[in-house]
Amino acid sequence: MRPARGRTEPRRSIAIGLGIVALYAGLAAWSGRLSPLARGPLLDGLGPVNYRWVSPPPELASTNQEPSSASAELPLGPGGVGTQVVFTSDSQVTVVVEEGSIGSSEGQDAVELRVDPVDPAILRAPGDGLAVFGNAYRIRATYRPSGEPIRRFDPPIDVIMVYPATATLHANEHDLLWSADGRSWEPLETNDSPGQQQAEAPVPGRGYVLVAGVPAPTTPSPSGTGDEGATPPLAVALLVAAGAALLIGVGLLIRTKGR
């Protein structure tokens, strides 16, 4: 006995819809292999984060917004400061203070932690062919009420920084650098996430932090494939195709469910 046509069509539509959604996943994964800059969530868009510069590139000056600072008073107990998270209101810097990173001090009842954006041009350049990505930030901690500066964190505090990528400045790898005085820089053990444009590292003391990397070439390669750090045209095409496939597949599934 042949199945009724009305029952076969929904099953067929569901199968097609699921197949298209699977196609989306495959295309998105393939495009991510082709380019690190294409690994972010597809629905977040293909452009860079809306970065706030202290001193923006000329082409971004008209739309730039001033970056945010952060200030927090952290309670101080017998064992020092407990675990705390401090972040700038624009979410460009997050500081995670582990329990005991700042010890107790006689007569002190709190610690003021400040994070302020700084133009990296007023600091010494990192050297070694490194370019600075975005702002530098100054991190300071002082005891309250004395105002005595805290110079070292033990264990180190965890700093997560968002960094920009532009048409003329991008790198395949990024490192967080730290300097106590803004003159000599120390590379930190960094976890780099190019898809989210974030770098994270343990910072051992007060001072300055910035994100740096070796710029990828911006001139066409001999093979004519364009910038090594840019998203290849094939990856872009795959992302567009993946997005279209996802919309069609979800539409079919919703339409079938509503029958």
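Which residues does Asp 90 touch, not counting residues up to four places away in sequence? The points below take up this question after some remarks on the model as a whole.

1. Status and confidence. The structure is a predicted model. Its average pLDDT is 79, and 65% of the residues score at least 70. Residues 1-5 stay under 50 in pLDDT, and the model gives this segment 1 contact beyond four places in sequence. The pLDDT is also below 50 over residues 21-48, although that stretch has 47 contacts in the model beyond near neighbours in sequence.

2. Overall architecture. The protein contains 2 helices and 13 strands. Of its 259 residues, 39% are buried. Where contacts join residues at least 6 apart in sequence, 71% of them link residues at least 24 apart. The exposed surface comes to about 14,500 Å², of which carbon and sulfur atoms supply 55%.

3. Surroundings of Asp 90. This residue sits in the loop between strand E3 (84-87) and strand E4 (93-97). In answer to the opening question, Asp 90 touches Arg 52, Pro 67 and Ser 68, with residues up to four places away in sequence left out of the count.

4. Charge of Asp 90. Asp 90 is buried and has no salt bridge. The nearest side chain of opposite charge is that of Arg 52, at 4.6 Å. A salt bridge requires a nitrogen-oxygen pair within 4 Å, which means that a separation of 4.6 Å does not qualify.

5. Polar partners of Asp 90. The side chain of Asp 90 makes a polar contact with the side chain of Thr 88 at 2.7 Å. It also reaches the backbone nitrogen of Gln 92, at 3.1 Å. The buried carboxylate of Asp 90 is thus described here by a side-chain partner, Thr 88, and a backbone partner, Gln 92.

6. Salt bridge between Glu 112 and Arg 144. A search of the whole structure finds 3 salt bridges. One of them pairs Glu 112 with Arg 144, whose closest N and O atoms are 2.4 Å apart. The pair links distant parts of the chain, 32 residues apart: Glu 112 belongs to strand E5 (residues 110-118) and Arg 144 to strand E7 (residues 136-144). Arg 144 is partly exposed, with a relative accessible area of 27%.

7. Salt bridges of Asp 116. Asp 116 forms a salt bridge with Arg 114, with 2.6 Å between the closest N and O atoms. The side chain of Asp 116 also meets that of Arg 140 in a salt bridge, at 2.7 Å from N to O. Asp 116 lies in strand E5 and Arg 140 in strand E7, so this pair ties together parts that are 24 residues apart in sequence.

8. Network and burial. Through shared partners, salt bridges join Arg 114, Asp 116 and Arg 140 into one network. Is Asp 116 buried or exposed? With a relative accessibility of 12%, Asp 116 counts as buried. Arg 114 counts as partly exposed, at 27% relative accessibility, and Arg 140 is likewise partly exposed, with a relative accessible area of 25%.

Notes: Residues are numbered from 1 along each chain as its sequence is written. This is a predicted model: local features need pLDDT of at least 70, side-chain atom pairs count only at pLDDT 80 or more; totals for chains, interfaces and linings use all residues. Side-chain values use heavy atoms; hydrogens and water are left out. pLDDT is the predictor's confidence in each residue, from 0 to 100. Contact means heavy atoms within 4.5 Å. Helices (H or I, at least four residues) and strands (E, at least two) are DSSP runs, numbered from the N terminus. Buried means under 20% relative accessible area, exposed over 50%, partly exposed in between (1.4 Å probe, protein chains only). Lys and Arg count as positive and Asp and Glu as negative; His and the chain ends are not counted. A polar contact is a pair of N or O atoms within 3.5 Å; within protein, one must be able to donate a hydrogen and the other to accept it, and residues adjacent in sequence count only if both atoms are side-chain atoms. Accessible areas come from the Shrake-Rupley method with a 1.4 Å probe; for residues, only the protein chains shown count as cover.
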